[in-house]
Amino acid sequence: MKTTRRDLLGVMAATMAAPALTVGAASSQQRARASEEAQRPDGANTVAILNDTHIAEGHADDHVHPRNLRLAIDGILALTPRPAAVVINGDLAMSVGTPGDYRRFRELIEPLRRELPLHLTLGNHDTREEFLRAFPELTSASQLREHRHTGILDLPHVRLALLDSLKETPAAPGRLGADQIRWMLEQADAVGQNKPFVCISHHNPRVGGDAVHFPGGIEDTEAFWPELVARPQCKAFFHGHVHDWTLGMHTGIHVVNTMASAMVADTRLSTNGWTLARFAPEGVELEIHTYQADHAWNGERKWLFWRQPRV
Ligand SMILES: [Zn+2]
C-alpha cells in the first residue's frame, strides 16, 4: 500500500481537529514507523470491528439488517491481507435477544467463523443467558462470581480487552461492575507499560464524545476511568451503542465510537458500515467501510497516536 494524499490529509485532519492530540504527539519519524508497522502485509495487527447488527429471527433475507451483516462479512473476507480477528461489539440481536434471534445471527456469521477468529460482546439488546445457550462453545476470558462474557485479544502491538457492559435488557445504560473492573485492570497490569492496552465494550464510557450520550453509557465509568488514566499503557476505549461514527478524547485516552451495522438516527448525518483498525506501537489507523459505496466516509482513514508514557 502506498501513502496517498488522502492518508496525509487524514493525519493532518486528525491532528488539527483534536488539539489534545498534541499530548504525546508523534514525531514525523514515529509517524513513518507507525505507518510502516500498520501496513505490515500479514494483517497480524489488524482487527475488523462491527457493532449493532440487530438481527431478528423474523427478518426476511432481504431485510436491511441481515443484508448489511452479509455485506460486512463479504467485505472482510475480501480483504488482503485478512485481519487477525473480527469483533462484533454488541447488540447482536434486534431487541431482547431471543433464541430465534441468536439462531439467525449464528447462521449469518457462519461464513465468517469458518475463516477468521471471531469475538462477540454483548449489548443492551442482548440477553446473556440466551446468548450463552446459543454459543455454548464460546468461553469467557474471565471467571467472575457473576458471569460476564469477556475476551482478550493479544496482537503483537496491542492487547484488546473485550468487556461485557450489558446491565439490563433492553434498558440503555450499561455497567461493568466492580469484579469486571478489577479483572480489566489486572489485564492492563499484566502487559506492563510497554504494550498498548485498549478496551472495547458495547456501551460508551461517560467521558469523551458527545455528553448527550452519557446517560445511556457505562454508569460506573467513574469507578475505572481514573485507573485507566493512571496506567500509561491504556490508550483507547472503543465502543458502539451510539449508532454513529465519532472520535473523542478524554484525559489523553482516545474514545472511539465505531459506526453501527444497522440503523442510524438520521441518514443525512450518519450511515452504517464497519471499521478496520490497524494497530501499531505508536497508535492505530482506522479505515471506514460504509455499506453505501458512494458515501463520503467510505474509505476514510484516520490516524490516532497514543499518549506517551510519562518519564
Ligand atoms: Zn444498537
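Is the crossing of α3 and α4 left-handed or right-handed? The crossing is left-handed, and the legends below present this helix pair together with other regions of the predicted model.

**Figure 1. Overview of the chain in the predicted model.** Seven helices and twelve strands constitute the secondary structure of the chain. Of its 311 residues, 46% are buried. When contacts between residues at least 6 apart in sequence are considered, 69% of them join residues at least 24 apart.

**Figure 2. Close-up of the packing of helices α3 and α4.** Helix α3 comprises residues 64–77, and helix α4 spans residues 99–115. The two helices pack at an angle of about 15 degrees, and their axes lie 9 Å apart. Because angles under 35 degrees count as roughly parallel, α3 is described as roughly parallel to α4. On the α3 side, the residues that meet α4 are Pro66, Leu69, Arg70, Ile73, Ile76 and Leu77. Their counterparts in α4 are Leu108, Pro111, Leu112 and Glu115.

**Figure 3. Close-up of the largest nonpolar core.** This core contains 62 residues, of which Ile49, Ala161, Val198 and Ile200 touch the most other members. Helix α4 supplies the largest share of the core, with five residues. In soluble globular proteins, nonpolar side chains tend to be buried together. Setting aside neighbours within four places in sequence, the contacts of Val198 are Val158, Leu160, Lys235, Ala236 and Phe238.

**Figure 4. Close-up of the open sheet that includes β1.** Six strands are arranged in the order β3-β2-β1-β10-β11-β12, with mixed pairing. At the edges stand β3 (118–121) and β12 (301–305), each of which pairs on one side only. Neighbouring strands in this sheet are turned against each other by 20 degrees on average, direction ignored. Within the sheet, strand β10 (residues 273–280) and strand β11 (residues 283–290) run antiparallel and are joined by eight bridges. Leu276 is positioned opposite Glu287 of β11.

**Figure 5. Close-up of the open sheet that includes β4.** This sheet also consists of six strands, in the order β4-β5-β6-β7-β9-β8, and its pairing is mixed. Strands β4 and β8 occupy the edges; each has a single partner strand, so one side of each lacks a neighbour in the sheet. From one strand to the next, the twist averages 20 degrees. Helix α6 lies across β4, β5, β6 (197–201) and β7 (234–239). The direction of α6 is at about 170 degrees to that of β5.

**Figure 6. Close-up of the hairpin of β4 and β5.** Two residues connect β4 to β5 in this hairpin. The strands run antiparallel and are joined by five bridges, with β5 covering residues 158–162. Asp154 stands opposite Arg159 in β5, and Gly151 is placed opposite Leu162 in β5.

**Figure 7. Close-up of the hairpin of β8 and β9.** Strand β8 (residues 246–250) runs antiparallel to strand β9 (residues 253–257), and five bridges join the pair. Leu247 lies opposite Val256 of β9. Two residues separate the strands of the hairpin, in which Thr251 adopts a positive phi near 45 degrees.

**Figure 8. Close-up of the packing of helices α6 and α7.** Helix α6 (residues 178–191) and helix α7 (residues 221–229) pack at an angle of about 10 degrees, with a separation of 10 Å between their axes. The two helices are therefore roughly parallel to each other. Ala178, Ile181, Met184 and Leu185 of α6 meet Ala223, Phe224 and Glu227 of α7.

**Figure 9. Close-up of Thr139 and its loop.** Thr139 belongs to the loop between α5 (128–134) and β4 (151–155). This residue has 11 C-beta neighbours inside 10 Å and therefore counts as exposed, the cut-off for that class being 12 or fewer. Gly151 lies twelve residues from Thr139 along the chain, and the C-alpha atoms of the two residues are separated by 8.3 Å.

Terms used. Residues numbered from 1 in each chain as written. Predicted model: local features only at pLDDT ≥ 70, side-chain atom pairs only at ≥ 80, totals over all residues. Helix = DSSP H or I, 4+ residues; strand = E, 2+ residues; numbered from the N terminus. Buried ≥ 20, exposed ≤ 12 C-beta atoms within 10 Å, placed from the backbone. Contact = placed C-beta atoms within 7 Å. Pairing = 2+ DSSP bridges. Axes fitted to C-alpha atoms, helices over the stretch in contact; angles between N-to-C directions. Core = buried A, V, L, I, M, F, W, Y, C linked by C-beta atoms within 7 Å. Parallel < 35°, antiparallel > 145°, perpendicular 65-115°, else oblique. Left-handed = near helix turned anticlockwise from the far one by under 90°.
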